[in-house]
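Subject: Structure handover

Hello,

Here is the structure I promised to pass on. Please open it first, then read my notes beside it.

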Amino acid sequence: MSAQLPLKSPTPASPGRPKDMVKRAAILQAAKDLFLSLGFDGSSMDAIAAEAGVSKLTVYSHFNDKESLFAAAIEAHCEHQLPSVLFDLPEELPVSRALYEIARRFQAMLQTQEAIELNRLMVAQAKQNPKLTQLFYNAGPQHTQDEMKRLLQQAHDQGKLNISNTTFASEHFLSAFSGGCSQLRRSFGMDSLTNPNEDEEYAREIVKRFLRAYRPE
């Protein structure tokens with residue numbers, strides 16, 4: 001697993017006739033499964049095509065290269081777990097409700113075996129394949145933080161919160177779930193069980209403290 005990615009940024013497939021979204025979804029699922037089980041270098045486009053039940057030509061009609069496919073698979077996984085609509089804040093929606101829903105979804109996503117295995121894979125790849133970890137970071141953690149910043153800016157503009165720096169505030173909120181000892185224990189394989197009641201109580205407490213810290217003056 002030491003092959004280096006090219007220096008160019010991944011680009012989407014060239015425009016043409018409309019793509020089959022069912023086949024695209026199958027390709028993304030197959031790619032995610034193989035990347036997790038075989039690693040990036042161990043997952044060929046031929047193997048991904050076979051796993052998805054499509055031809056390699058079909059894979060390349062959707063994605064120009066394996067790097068583009070990897071980034072798209074991460075984006076699709078995050079969108080499934082944390083849909084963009086969660087970060088929309090209509091005027092009538094209490095910000096506390098929006099934050100709690102994001103907290104519970106984010107919490108649940110981090111606790112999945114897929115997320116844990118992917119994080120382990122990225123740590124293992126960090127030195128030998130930094131371009132791959134950068135792709136992962138941009139498509140996953142950075143995208144999530146950007147969406148969180150978008151929601152917090154809406155809350156500030158609507159007068160529901162008082163936030164001068166959405167980057168810092170989003171970091172405060174998300175790291176409360178991704179940077180704790182319990183998450184570290186799961187990454188080490190020391191703690192695979194979750195307690196729904198404790199998780200819910202923790203999420204509510206984090207939201208309560210966040211609202212207190214950024215309440216309007």
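**Cavities**

Helix α4 contributes most to the lining of the largest cavity, with 4 residues. Keep in mind that this is a predicted model.

How many cavities of 30 Å³ or more does the structure hold? There are 2. The largest one contains about 90 Å³ of space. Its lining is made of K32, F35, L36, F70, A73, I74, H77, E114 and L118. Three elements each give two or more residues to that lining: α1 (21-38), α4 (66-81) and α6 (113-125). Sorted by class, the lining has 6 nonpolar residues, 1 polar residue and 2 charged residues.

The second largest cavity has about 30 Å³ of space. Look for C78, L82, F87, H143, T144 and E147 around it. Here helix α8 (residues 141-157) gives the most, with 3 residues. By class, this lining has 3 nonpolar, 2 polar and 1 charged residues.

**Salt bridges**

The structure holds 9 salt bridges. I picked out a few for you.

Start with R150 and D88. They form a salt bridge, and their closest N and O atoms are 2.7 Å apart. This pair joins distant parts of the chain. R150 sits in helix α8, while D88 is in the loop between α4 and α5 (95-111). The two are 62 residues apart. Is R150 buried or exposed? Neither label fits, because its relative accessible area is 31%, which makes R150 partly exposed. D88 is also partly exposed, because its relative accessibility is 32%. The pair belongs to a wider group: a network of salt bridges links D88, E147 and R150. You have met E147 already, in the lining of the second largest cavity.

Next, find E117 and R120. Their side chains meet in a salt bridge, at 3.0 Å from N to O. Both residues lie in helix α6. They are 3 residues apart, about one turn of the helix. Why does that spacing matter? An α-helix has 3.6 residues a turn, so residues three or four places apart point the same way. E117 counts as partly exposed, with 30% relative accessibility. R120 is partly exposed too, at 31%.

Then go to helix α11 (residues 196-213), which holds both E205 and K208. Again the residues are 3 apart, about one turn of the helix. Their side chains meet in a salt bridge, with N to O at 3.8 Å. E205 is partly exposed at 27% relative accessibility. K208 is partly exposed as well, with a relative accessible area of 45%.

**Helix α9**

Last stop: helix α9, residues 166-178. What span should its 13 residues have at 1.5 Å a residue? They should span 18 Å. The end C-alpha atoms are 18 Å apart, so the model agrees with that value.

Now look at the start of α9. A side-chain oxygen of N165 comes to within 3.0 Å of the backbone nitrogen of T167. Which residues of α9 are buried? They are T166, A169, S170, F173, L174, A176 and F177. Try colouring them and turning the helix on your screen.

Best wishes

Terms used
Residues are numbered from 1 along each chain as its sequence is written. This is a predicted model: local features need pLDDT of at least 70, side-chain atom pairs count only at pLDDT 80 or more; totals for chains, interfaces and linings use all residues. Side-chain values use heavy atoms; hydrogens and water are left out. The expected span of a helix is 1.5 Å times one less than its number of residues. Buried means under 20% relative accessible area, exposed over 50%, partly exposed in between (1.4 Å probe, protein chains only). A polar contact is a pair of N or O atoms within 3.5 Å; within protein, one must be able to donate a hydrogen and the other to accept it, and residues adjacent in sequence count only if both atoms are side-chain atoms. On a 1 Å grid over the protein atoms alone, a cavity is a set of points where a 1.4 Å probe fits but cannot get out, and a pocket is an open set with protein on both sides within 12 Å along at least five of seven lines; lining residues have an atom within 4 Å of a point. Grid points are joined across faces, edges and corners, and a volume is the space filled by probe spheres set on the points. Ala, Val, Leu, Ile, Met, Phe, Trp, Tyr, Cys and Pro count as nonpolar, Asp, Glu, Lys and Arg as charged, and the others, Gly among them, as polar. A salt bridge is a side-chain nitrogen of Lys or Arg within 4 Å of a carboxyl oxygen of Asp or Glu.
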